[in-house]
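Hi,

Here is the structure I promised to pass on. Have a look at it first, and my notes follow below.

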Amino acid sequence: DLNLPTFVNKLGEHLVKRNHQVTFMGQSHYWFAFSENGIGYYPLPYSYQTTWLLISTISAFFKLLVKRPLAVLPVFSTIKKDYKKNKGIKGGRNWLLDFIRLAACKQIQPDVIHNQWSSSLAALEPLFSHYHVFQSLHGRLEDVTPFHDQVIAGIYKKFFPKLAGVQAVSG
């Protein structure tokens with residue numbers, strides 16, 4: 001699997017029992033999507049895995065072209081608009097991963113997207129205009145970190161108002 005924490009796996013299991021389609025997308029060393037116990041897993045490459053990143057981008061493009069050809073131009077348009085808005089590669093984002101995420105979502109067509117780590121919300125920016133994004137809150141990460149890390153504080157200020165909902169996690 002994608003080494004997801006127990007609470008995320010349990011959430012997925014409960015949703016599957018209630019006849020919802022669940023797909024987890026996250027960085028992994030797996031190269032191919034797979035399904036286990038009714039839950040789909042869509043692995044994303046790590047940004048430092050250049051070969052896999054390029055292969056995944058090309059694969060995502062062709063899958064989108066075959067499965068949802070009308071979504072190809074909107075995906076490129078979203079990525080282009082986001083690229084310009086964030087001043088190109090200076091924004092520190094990996095545009096190939098952005099493309100892969102958005103292309104995969106256009107194929108999967110989720111009702112909602114759940115994000116596990118608040119600090120990674122910026123990576124989901126291209127998805128906000130297309131999907132309802134829900135966020136897990138992890139105590140210290142939300143309570144303490146923004147006071148010590150201005151970059152994280154900026155991410156929270158920018159993206160928390162755009163969230164469709166939150167899930168509080170305690171442990």
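Confidence first, since this is a predicted model. Among the elements of the chain, helix 2 has the highest mean pLDDT, at 91, while helix 6 (residues 140–143) has the lowest, at 71. For the chain, the mean pLDDT is 83, and 92% of the residues reach 70 or more.

I spent most of my time on helix 4, which covers residues 95–108. With 14 residues at 1.5 Å a residue, helix 4 should span 20 Å, and its end C-alpha atoms are indeed 20 Å apart, so the two agree. Helix 4 is also mostly covered: 12 of its 14 residues are buried, among them Trp95, Phe99, Arg101, Cys105 and Lys106. What do those buried residues pack against? Their partners are three strands and three helices: strand 1 (22–27), strand 3 (39–44) and strand 4 (112–115), plus helix 2 (50–67), helix 3 (72–85) and helix 5 (125–128). Just after helix 4 comes Gln109, with a positive phi near 55°.

One residue to click on is Leu64, which sits in helix 2. Leu64 has a relative accessible area of 0%, so it counts as buried. Setting aside neighbours within four places in sequence, Leu64 is in contact with Ala103, Lys106 and Gln107, and those three are on the buried list for helix 4. Its other contacts, on the same terms, are Pro69, Ala71, Val72 and Val75. As for Ser136, it is 72 residues from Leu64 along the chain, and their C-alpha atoms are separated by 29 Å.

Cheers

Terms used:
Residues are numbered from 1 along each chain as its sequence is written. This is a predicted model: local features need pLDDT of at least 70, side-chain atom pairs count only at pLDDT 80 or more; totals for chains, interfaces and linings use all residues. Side-chain values use heavy atoms; hydrogens and water are left out. Helices (H or I, at least four residues) and strands (E, at least two) are DSSP runs, numbered from the N terminus. The expected span of a helix is 1.5 Å times one less than its number of residues. Buried means under 20% relative accessible area, exposed over 50%, partly exposed in between (1.4 Å probe, protein chains only). Contact means heavy atoms within 4.5 Å. pLDDT is the predictor's confidence in each residue, from 0 to 100.
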